[in-house]
Amino acid sequence: MLPQRRQFYIHTFMILSALLLSGGNQLLQALPPAGNIDFNEKYKQLLQEAKSAPSKNTLKEIAFDAINASQSAIQSGDYTSAVKIATFAIKVGKTAGSNHAFTLANSVRQRSVMLSLEYRDVEKAHQTLQENPNDASSAFLYGKFAALKLNNWKEGLFWLAKGDDAEYQTLAKQEIANSNDADALLTVANGWYQLADQEKGSTKQELEMHAYDLYSQAWSRTLGPDRAALNTRLNEMPLRYLNHMQEEDVVHGGWPFGKNGDAGNGKGLFTVNQLEFPNGLGMVPASRGSASVSYQLDGQFKTFVTGVALTDDNYQFGGTVTFTVLGDNRVLWKFPLKDQKDVQFCKISVRNINRLEIRTETKSINRGAHAVWLDPHVLK
């Protein structure tokens, strides 16, 4: 089976549920192509593979292959097949005993169902654009769907810039024109954030998250008063990743503290079950010791969400890595991870917590204890 080096982002829909894949950054065409995949045949193939699978490990691989196929169906606009294949992935992931596959498959299925329902409202507009790509009303409706629901902002901006809503059109044109200008994009981010105030429900959250994406791009480049102002704005967002916050009291372990999806060895994005986590943190504990880092929450957030795992690599670690979350020096969550091939998820309250600390530790030699936090973030 081919590795699924597809980026799965935890995004807006997770505010309404648990962990969600936003669909990654793959570009949809203006009119989503059917592609070369026959999803009915793909489903039959997966079904046959599952029936003849010789082991649970093979079943886990099949589950991830099904998740990948469901994502491909989403990219092709075939939401019915996406739901069907994701439902199959849930069953196989559960049978395989893979918490990671089971959780991701559930997330993909939730998203597929949501997109299937949302697309009904824009299907006519989508069909109209096939005949007349300059229809402004249809361009706005489909552009909003592509950007906000598919999280495909490149495609969505294209249509919104041709649409008949003046505010969306102006911001879309500005973002397209200034895609390589970091300072100008901050102004655009402010515009999307202000527009979110005029919206409600999921649309409001999706616009806020796009503004967040633009703000976070500037986070690492700003210093002094500019960073303080940006920090205040980011703290207003419904979600904030820890790698977009200032870390404090870093205690390095076997490797340096890793940010932005780096495990700490400086070799780029780590993977867990061949999936990348661009907002992940790497915290390899010291041999018979620990690694830790803290963040100031100042009581502004309600929930902390993450996954914990060991990275995909050739090192076999025979010990246990204990992952701990502390709030104001009090243990909020603790998990001893022994299974190198699975993921444990954490979703806990941090209401009224001022200082958050995350820690990894082992009582063994740390060779192969490549511990990572999967896109850890806090929610309002």
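This passage describes a helix, a strand with its partners, several salt bridges and a cavity in a predicted model.

Helix H3 comprises residues 56-75, and the distance between its ends can be checked against its length in residues. At 1.5 Å a residue, the 20 residues of H3 should span 28 Å, and the end C-alpha atoms are 29 Å apart, which agrees with that expectation. Of the 20 residues of H3, 16 are buried, so the helix is largely enclosed by the rest of the structure. H3 is followed by Gly77, a residue whose phi is positive, near 80 degrees.

One residue of this helix also takes part in a salt bridge, since the side chains of Asp65 and Lys42 meet with a distance of 3.3 Å from N to O. The pair links distant parts of the chain, for Asp65 belongs to helix H3 whereas Lys42 belongs to helix H2 (residues 39-51), and the two residues are 23 residues apart. Because buried means under 20% relative accessible area, Asp65, with a value of 12%, is counted as buried, and Lys42, with a value of 17%, is likewise buried.

Strand S8 (residues 321-327) is enclosed as well: seven of its seven residues are buried, so the strand is largely surrounded by the rest of the structure. In a regular strand the side chains alternate between the two faces of the sheet. In S8 both faces are covered, with Val321, Phe323, Val325 and Gly327 buried on one side and Thr322, Thr324 and Leu326 buried on the other.

Strand S8 pairs with strand S9 (residues 330-337), to which it is joined by seven bridges in an antiparallel arrangement. Within this pair, Gly327 stands opposite Arg330 in S9. The hairpin of S8 and S9 has two residues between the strands, and in this hairpin Asp328 takes a positive phi near 50 degrees. Strand S8 is also joined by seven bridges to strand S11 (residues 355-362), and these two strands run antiparallel. Here Leu326 of S8 stands opposite Glu357 in S11.

Across the model, the count of salt bridges comes to 12. Apart from the pair formed by Asp65 and Lys42, the salt bridges include one between the side chains of Lys204 and Asp197, at 3.4 Å from N to O. In this pair Lys204 counts as partly exposed, at 24% relative accessibility, whereas Asp197 counts as exposed, at 52%. Arg233 forms a salt bridge with Glu236, and the closest N and O atoms of this pair are 3.1 Å apart. Arg233 is partly exposed, at 24% relative accessibility, and Glu236 is partly exposed too, with a relative accessible area of 38%. Salt bridges also link Glu118, Lys149 and Glu206 in a network.

The model contains two cavities of 30 Å³ or more, and about 40 Å³ of space lies in the second largest cavity. Its lining is made up of Val250, Val251, His252, Gly253, Trp255, Pro256, Phe257, Gly282, Met283, Val284, Ala291 and Ser292. Strand S2 (248-251) and strand S6 (290-296) each supply at least two residues of this lining. By residue type, the lining of the second largest cavity divides into eight nonpolar residues, four polar residues and no charged residues.

Definitions and conventions:
Residues are numbered from 1 along each chain as its sequence is written. This is a predicted model: local features need pLDDT of at least 70, side-chain atom pairs count only at pLDDT 80 or more; totals for chains, interfaces and linings use all residues. Side-chain values use heavy atoms; hydrogens and water are left out. On a 1 Å grid over the protein atoms alone, a cavity is a set of points where a 1.4 Å probe fits but cannot get out, and a pocket is an open set with protein on both sides within 12 Å along at least five of seven lines; lining residues have an atom within 4 Å of a point. Grid points are joined across faces, edges and corners, and a volume is the space filled by probe spheres set on the points. Helices (H or I, at least four residues) and strands (E, at least two) are DSSP runs, numbered from the N terminus. Ala, Val, Leu, Ile, Met, Phe, Trp, Tyr, Cys and Pro count as nonpolar, Asp, Glu, Lys and Arg as charged, and the others, Gly among them, as polar. The expected span of a helix is 1.5 Å times one less than its number of residues. Buried means under 20% relative accessible area, exposed over 50%, partly exposed in between (1.4 Å probe, protein chains only). Two strands pair if DSSP finds at least two bridges between them. A salt bridge is a side-chain nitrogen of Lys or Arg within 4 Å of a carboxyl oxygen of Asp or Glu.
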